[in-house]
Amino acid sequence: MVNENEVFKWISDLCGFGYRRPGTEADQRTQEYLVKMLKEFGLDEVWLEPIEFGMWDPKTVELRLSDGFVLDCEPLQYSKFTEPEGVEGEMVYIEDGTKISEYDIEGKIPVVDIRYGELSIDFLRIFSEWIYDPGNTLSTYKQPATWINEMERMVYEEAKKQDALGIVLIYPFNMRPYILSPEADPYNGRYGAVAGVVLTKNQGESLKRRLGNGVKEARLVQAGEIIKTTTSNVLAEVKGDGDKYIVMGSHHDSMWEGGTEDASGTAVILGAAKYFAKHHKDVKHSIVFLFDAAEQIDVMGSKAFIDRHKEDILKDMLVEIHMEHIAKETLVEDGEIIVTDELQPRAIFVSKKEELFNLVKRMIVKHDMRRTIMLPTDTPLGVPTDATKFAEAGYPLISFISAPLYWNTDWDTVDKVPIDEVVRTIGFAVDLARNL
Ligand SMILES: [Zn+2]
């Protein structure tokens with residue numbers, strides 16, 4: 001199949017392009033790279049499907065306190081742009097964001113500590129169909145679920161309701177996160193009604209110290225514009241003798257270097273494409289390899305693929321196999337984040353069909369895909385992956401994912417990816433397709 005050196009090279013090449021944010025030069029280079037690789041594998045049918053959207057482009061982002069101190073901050077993506085001089089007002093510190101409605105924040109700037117709930121395996125067990133965990137390594141596992149953004153949403157909604165000047169969110173870790181405004185609408189180039197910035201834990205402490213010392217006001221600047229541009233899904237096809245399609249996908253965008261998310265998943269689909277380019281007789285049906293764009297901004301790429309192909313490929317699709325995020329385990333110990341040599345636990349969402357359940361179970365055991373929790377697609381958890389739109393539209397799917405807590409932050413670097421495990425996952429994905 002493919003070896004570790006090759007997989008490592010793909011992942012480092014992708015990470016080396018810079019932050020693969022939709023509409024940027026790094027995004028462009030990523031698409032060109034994927035086309036080049038797919039053609040080198042010997043695939044004849046390789047093409048791009050462009051998606052027009054409005055890129056939210058902040059030129060100046062600044063939080064300056066009235067004592068002159070300037071904090072290093074990230075923008076709250078697709079939140080409101082201010083005038084170049086910004087907005088100036090009184091800050092209100094809110095330690096517990098769930099109580100924000102008890103504060104008067106009209107015409108002010110709430111400063112909120114963001115907290116995330118802990119997700120335990122015991123909780124997932126309630127909904128799981130099956131867990132493959134040789135050695136029982138998962139029984140005590142839990143971690144902050146940084147992808148469940150209830151508090152961000154609550155704070156944003158209240159700030160909008162009370163007509164706050166802007167919001168300042170403090171992230172609970174020393175990482176720079178990419179947080180999207182709940183009102184983001186990149187497809188239509190629209191953004192939210194409230195301006196916002198995000199601080200790392202350290203910058204947040206610094207702000208709180210100054211608030212404690214009597215500094216009251218701040219100026220928040222977030223000036224920029226929406227730029228009409230395009231990103232593209234990258235596709236390739238291997239023709240089979242049967243009349244059905246298998247779609248194998250992952251997303252090629254990332255808001256940061258994105259070793260785990262999602263150079264790792266992209267490498268799995270590249271590996272599968274390389275295999276089937278040479279062994280197309282191994283599979284009965286045609287395979288479409290889908291490297292979709294802009295997962296991180298409202299799953300635009302997979303949405304566009306569904307819109308474009310519901311009358312052809314999707315009409316005859318047996319199953320969509322989606323592969324994302326292979327990572328080393330991260331844990332929080334005494335407030336510190338550590339990366340271990342274990343594997344980040346993973347979930348595999350599978351549509352409720354007896355034959356799919358059985359096939360996935362068989363392949364998980366065969367390839368020793370440890371620490372995998374199998375979940376049907378119709379639980380209250382939904383399918384919180386890049387395949388979410390396929391699930392909503394009722395297409396059969398197998399969606400594999402893990403979610404380290406540094407998800408969508410600048411911590412997501414190539415060294416967090418267990419390359420041997422990516423190689424194993426390629427074997428798993430190929431075998432799934434071969435057995436359909
Ligand atoms: Zn992803």
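**Reading backbone oddities and the core**

User: With 12 C-beta neighbours inside 10 Å, does Asp368 count as buried or exposed?

Analyst: Exposed, since the cut-off for that class is 12 or fewer, and Asp368 has 12 such neighbours. Bear in mind that this is a predicted model.

User: Okay, and what is unusual about the phi of Asp368?

Analyst: The general idea: most residues other than glycine have a negative phi. Asp368 isn't a glycine, yet its phi is positive, about 50 degrees. You'll find Asp368 in the loop between α8 (354-366) and β18 (372-376).

User: Which way does the phi of Ala294 go, positive or negative?

Analyst: Positive, at about 50 degrees, and Ala294 is not a glycine either. Look for Ala294 in the loop between β13 (286-292) and α7 (300-309). With 29 C-beta neighbours inside 10 Å, Ala294 counts as buried.

User: What about peptide bonds: is the one from Glu261 to Asp262 cis or trans?

Analyst: As a rule, most peptide bonds are trans. The Glu261 to Asp262 bond is cis, with omega near 0 degrees. Asp262 sits in helix α6, which covers residues 259-278.

User: Now the interior. Which residues touch the most other members of the largest nonpolar core?

Analyst: That core has 126 residues, and Leu169, Met248, Ala272 and Ala429 touch the most other members. The core lies between domain 1 (4-55 + 229-434) and domain 2 (56-117 + 144-226), because both give residues to it.

User: What is Ala272 in contact with, leaving aside its neighbours within four places in sequence?

Analyst: Apart from those neighbours, Ala272 contacts Met248, Ile426, Ala429, Val430 and Ala433.

Terms used:
Residues numbered from 1 in each chain as written. Predicted model: local features only at pLDDT ≥ 70, side-chain atom pairs only at ≥ 80, totals over all residues. Core = buried A, V, L, I, M, F, W, Y, C linked by C-beta atoms within 7 Å. Buried ≥ 20, exposed ≤ 12 C-beta atoms within 10 Å, placed from the backbone. Domains from an automatic or database assignment. Contact = placed C-beta atoms within 7 Å. Helix = DSSP H or I, 4+ residues; strand = E, 2+ residues; numbered from the N terminus.
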